Amino acid sequence: MTAILKNFIGGEWVDGSGVTKNINPSNTNDLVGEYAKADKAQTEKAVAAAKAAFPAWAQSTPQARYDALNKISLEIIARKEELGRLLAREEGKTLPEGIGEVARAGQIFAFFAGEALRLIGEKGASVRPGIDVELTREPVGVIGMITPWNFPIAIPAWKIAPALCYGNTVVFKPAELVPGSAHALSEIITRSGIPAGVFNLVVGSGSVVGQTLLEHPDVAAISFTGSVQTGRKIAQACVLSNPMKKFQLEMGGKNPLVVLDDADLKTAVEVAVNGSYFSTGQRCTASSRLIVTEGIHDRFVAALTERLKGLLVDDALKTGVHIGPVVDQSQLDQDLRYIKIGQDEGAKLAWGGELLKRETPGHYLQPALFTEANNNMRISREEVFGPVAAVIRAKNYDEALAISNDTEFGLASGICTSSLKYASHYKRNSESGMVMVNLPTAGVDYHVPFGGRKGSSYGAREQGSYAREFYTTVKTAYTYPG
């Protein structure tokens, strides 16, 4: 019988009020594990524990925080193959991608270990004679964290690490679909030497655990990554709460990749395949709109189609697999629904989009490529979040740029070109938070800001030193020596 893995509240592992089953999308007969579900009362206990632990942790030394975060980093990196296998098994991204994500989580904790030692203030002269002015940063308080299923260890890492670095306490609610990576990360954090209550894990539904965090007056801030619809509800709840909560939202994307006539064809195809289809297209930074100018359009479509034919879709843990399964049946149904919508709208399904059978029962979908799409179609405007991309023909660079920016989203964008002129112009004029030149739109460094514009993001950037904007509050102090 499988042991039910527990929640972590106030320094103790505790039973829940129900059970979440973790199913392997590469083999739906494989139960990865069973995890205790938290209810409203347990979530409230977690908040109370975090509140009680906050004063001491907020006053802890930078060395103490460095030591804890560094210890977490070292264990994550030492166990990256083991944890990467768990991640690939529960989420469905390929084993190399899973190991890479775990390594990135370890690097994030290492970066913020250093940031604990680098946080400094400012001192200046007042405009009034004889008065000193000091600017310092202080932790915000109890942070509620709501994370998605598509990056089950990296996204929690880039929220938890800065929160702890700057002296906040944490109540962590991972996506119910992928509790395994969250639980493994939490175990590592509990062994880091942080005091009881500083970090708490509550696995459960958004309607119960997430809602309790939103409504609780002792939660000072919410950091959320997920859908636009949920993000808007969170924003409204935070604004209406008493006291008002600070909030940070990372939501959807409909990211463009522009391919110009002068692009290197091989590079453009590899950039498109990686950005559109790797990780089964289940990335908010995936390039699902391929905007291609007329001179290279036909050659690009032909080369991309041939490249897609050579991709292996199979069990995420098998060697040589390029694309794993879709994460679950619900997401697979959504992908298939959008493929039909694209066909009904008049786009041509040039390749793929078929269900696949493999040795084990799983959610296997052939990567889908649409051509003859336009930017008014739903498949060009709505986030599919699967291995589906549409090619949109453009007359020239100016039209490609206009199509690129014609979206309610603004997370990532990319351009493939050999022209410094066009690359520079696109970087300046693309309405997105992150711009890639001759690189996939999906794939960013851990030490620089992550985030977008328009409907994709709200609030301070995540990652890098810019994370301090959300996880700290600025205090201005005046002193008159007398």
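## Exercises on a predicted model

In β7, Glu 134 is the bridge partner of Lys 123. The model is predicted. The exercises start from this pair.

**Exercise 1.** Find how β6 and strand β7 pair, and over how many bridges.

*Solution.*
- Step 1. Start at Lys 123 and cross to Glu 134 in β7.
- Step 2. Strand β7 covers residues 132-139.
- Step 3. Compare the directions of β6 and β7: the pairing is antiparallel, over four bridges.

**Exercise 2.** Place β6 and β7 in their sheet, and name the edge strands.

*Solution.*
- Step 1. Three strands make up the sheet, in the order β6-β7-β23.
- Step 2. The sheet is open, and its pairing is antiparallel.
- Step 3. The edges are β6 (122-125) and β23 (472-479), each of which pairs on one side only.
- Step 4. On average, neighbouring strands of this sheet are turned by 25° against each other, direction ignored.

**Exercise 3.** Decide whether strand β19 is enclosed or open to the outside.

*Solution.*
- Step 1. Locate β19 at residues 412-416.
- Step 2. Sort the side directions. Ala 412, Gly 414 and Cys 416 point one way, while Ser 413 and Ile 415 point the other way.
- Step 3. Apply the cut-off: buried means under 20% relative accessible area.
- Step 4. Five of the five residues are buried, so β19 is largely enclosed by the rest of the structure.

**Exercise 4.** Identify the strands that pair with β19, and trace the path from β19 to β20.

*Solution.*
- Step 1. Strand β13 (residues 255-259) runs parallel to β19, joined by three bridges. Here Val 259 stands opposite Cys 416.
- Step 2. Strand β20 (residues 434-437) also pairs with β19 in the parallel sense, over four bridges. Here Gly 414 faces Met 436.
- Step 3. Follow the chain through helix α14 (residues 420-429): β19, α14 and β20 form a right-handed β-α-β unit.

**Exercise 5.** Test the whole protein against the rule for a compact globule.

*Solution.*
- Step 1. Take the length, 482 residues; the rule then gives a radius of gyration near 23 Å.
- Step 2. The protein has 23 Å, so the value agrees with a compact globule.
- Step 3. Add the box: the C-alpha atoms fill roughly 75 × 70 × 40 Å along the principal axes.
- Step 4. Add burial: 57% of the 482 residues count as buried.
- Step 5. Look at contacts between residues at least 6 apart in sequence: 73% join residues at least 24 apart.

**Exercise 6.** State how many helices and strands the protein has, and what its exposed area consists of.

*Solution.*
- Step 1. The secondary structure comes to 15 helices and 23 strands.
- Step 2. About 19400 Å² is exposed, and carbon and sulfur atoms supply 52% of it.

Definitions and conventions:
Residues numbered from 1 in each chain as written. Predicted model: local features only at pLDDT ≥ 70, side-chain atom pairs only at ≥ 80, totals over all residues. Heavy atoms only, no water. Buried < 20%, exposed > 50% of the residue type's maximum accessible area, 1.4 Å probe, protein only. Helix = DSSP H or I, 4+ residues; strand = E, 2+ residues; numbered from the N terminus. Pairing = 2+ DSSP bridges. Right-handed = clockwise from strand over helix to strand, strands pointing away. Rg over C-alpha atoms; globule rule 2.2 N^0.38 Å. Contact = heavy atoms within 4.5 Å. Areas by Shrake-Rupley, 256 points an atom, 1.4 Å probe, with all protein chains shown as cover. Axes fitted to C-alpha atoms, helices over the stretch in contact; angles between N-to-C directions.
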